[in-house]
Amino acid sequence: MDIRVQHQPNKAALAETYLLNAWYVGALSSEVGPEALFHRILLETSVLFYRKADGTAVALHDRCPHRFAPLHLGTRNGDQVVCKYHGLEFDCSGQCTHSPHGNGNIPKAALVRSFPVLERYGFIWVWMGEEPADESLLPDFGYLDDGPDTALGHTYLHVKCHYELISDNVMDLSHVDHLHGDFLCTKGTLSPLMAKVRETPRSVQARWDWTQRPASLLFSPYLPDPAGETQLFFDITWTPPANIQLSVGATQDKVNEPLGLHNTVGQYDLHTVTPETDGTTHYFFATRRNHLVDDAAHNEHMIQILHDTFQNEDGAMLEAVQAEMRTSDFFSLNPVLMSNDIAPVKVRRLLNKLKAAEAGD
Ligand code: FES
Ligand SMILES: [Fe+2]
């Protein structure tokens, strides 16, 4: 048995490693069914998810305070969870409400930590810090909610790499020229460009505008001339702790204004990652298309292709990079940095700044 991962890390060490007072995705909404006791490790902490009878999602530390049995091995009693080992029962705030032992006295310490939860955009978001949960810190990704389900997809991948390698990868889209096959490939058009990068106190944005012939298969079949010259844009915005909203679109019309999802065939994506451990990451993804919006079969097909692309192309490379690095301390290896690294490095610096501010440094 592997006893190295303790799922109850030292609080100070956690605070040094992660931004804690922030919303992280813990699960896809669809992963937590009405009866489920679903569990996942987030920021080195084991978390139990379930839904109350009214459908509201609950997140508790997945650990009984008696002899530390994982609560997901237990059973439900209405909105309460019953520990499988000796039968203590907890409500959705983590308070012990029943003990079958002795005179039924409930020890004061029989309390499970509960985590604030928000369910939005098809995800269950968890507040991992000690400060009061601040809903205003969850960015508005409302575009995902706007339209039919047949143009909306969600998926989840588990990747064996440090989570910042995934933000680096999405913040530097020049890799699409080289790493990706025909479905996404930008055929060398992005690498010579300097992304336009803008920073605010809590975000980093990068934008590319370019021309390609033909466009990648993501869009070319839906353009008037699939083989023809196409104008495209990528617009991405990172927000803490690890969200990257990416919009991408293509057009063959002569457009005299900046390209956006209103004047292209495109999609609005959210890449958001949650550290599991220092070397493993939960990768969540959502996408909404602005074309073929009523085509359910196409929708299924597209989310599957995107999932497979992230797994087999991005994920495979990131896992190989992580295995080669053997550390999560990227800068300690003195990486060569180039023009394509501006946005990812700004994200790393901003995240470090926010972590230092949280730690009171
Ligand atoms: S470990 Fe849960 S009741 Fe004993
Ligand atoms: Fe990629």
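**Exercise 1.** Classify D209 as buried, partly exposed or exposed, then name its salt-bridge partner.

*Solution.* Start with the cut-offs: buried means under 20% relative accessible area, exposed means over 50%, and partly exposed lies in between (1.4 Å probe, protein chains only). D209 has 36% relative accessibility, so it counts as partly exposed. Next comes the partner, for which we need a rule: a salt bridge is a side-chain nitrogen of Lys or Arg within 4 Å of a carboxyl oxygen of Asp or Glu. R207 meets this rule with D209, as their closest N and O atoms are 2.8 Å apart. R207 itself is at 16% and therefore counts as buried.

Before you go on, note that this is a predicted model: local features need pLDDT of at least 70, side-chain atom pairs count only at pLDDT 80 or more, and totals for chains, interfaces and linings use all residues. Residues are numbered from 1 along each chain as its sequence is written, chains are lettered from A and ligands numbered from 1 in the order in which they are written, and side-chain values use heavy atoms, with hydrogens and water left out.

**Exercise 2.** How many salt bridges are there, and which residues does E199 and K346's pairing link?

*Solution.* Begin with the general idea: side chains of opposite charge can pair when their charged atoms come close. By the salt-bridge rule, the count comes to eight. One of them joins the side chains of E199 and K346, at 3.3 Å from N to O. This pair ties together distant parts of the chain: E199 sits in strand β13 and K346 in helix α4 (residues 342–359), 147 residues apart. (Helices, H or I with at least four residues, and strands, E with at least two, are DSSP runs numbered from the N terminus.) Now check the exposure of each partner. E199 has a relative accessible area of 42% and is partly exposed; K346, at 29%, is partly exposed too.

**Exercise 3.** Where does R40 stand, and what surrounds its strand?

*Solution.* First, look at strand β2 (residues 38–42): four of its five residues are buried, so β2 is largely enclosed by the rest of the structure. R40 is buried at 9% relative accessibility, and its side chain meets that of E31 in a salt bridge of 2.8 Å, N to O. E31 is partly exposed, at 22%.

Second, follow the pairing (two strands pair if DSSP finds at least two bridges between them). β2 pairs with strand β3 (residues 45–51) in the antiparallel sense over five bridges, and R40 stands opposite V47 in β3. The two strands form a hairpin with two residues between them, and L43 in the turn has a positive phi of about 50 degrees.

Third, step along the sheet. Five bridges join β3 to strand β4 (residues 57–61), again running antiparallel, with R51 opposite A57 in β4. The open sheet has four strands in the order β2-β3-β4-β9. β2 and β9 (114–115) are at the edges with a single partner strand each, so one side of each has no neighbour in the sheet.

**Exercise 4.** Which residues coordinate the iron ion (ligand 2), and how are they spaced in sequence?

*Solution.* Count as donors the N, O and S atoms within 2.8 Å of the metal (3.2 Å for Na, K and Ca); water is not among the atoms, so sites may look incomplete. The donors are H175 (NE2), H180 (NE2) and D314 (OD), at 2.0 to 2.1 Å. Their spacing is H-x4-H-x133-D. H175 lies in the loop between α2 (163–171) and β13 (196–200), while D314 lies in helix α3 (residues 296–325), 139 residues away. Both H175 and D314 are buried.

**Exercise 5.** What are the overall make-up and dimensions of the chain?

*Solution.* Start with the elements: there are four helices and 18 strands. Then compare the radius of gyration, taken over C-alpha atoms, with the globule rule, 2.2 Å times the number of residues to the power 0.38. The chain has 22 Å, close to the 21 Å that the rule gives for 361 residues, so it is as compact as a globular protein of that length. Its C-alpha trace spans about 80 × 50 × 35 Å along the principal axes. Finally, buried residues make up 51% of the 361 residues.
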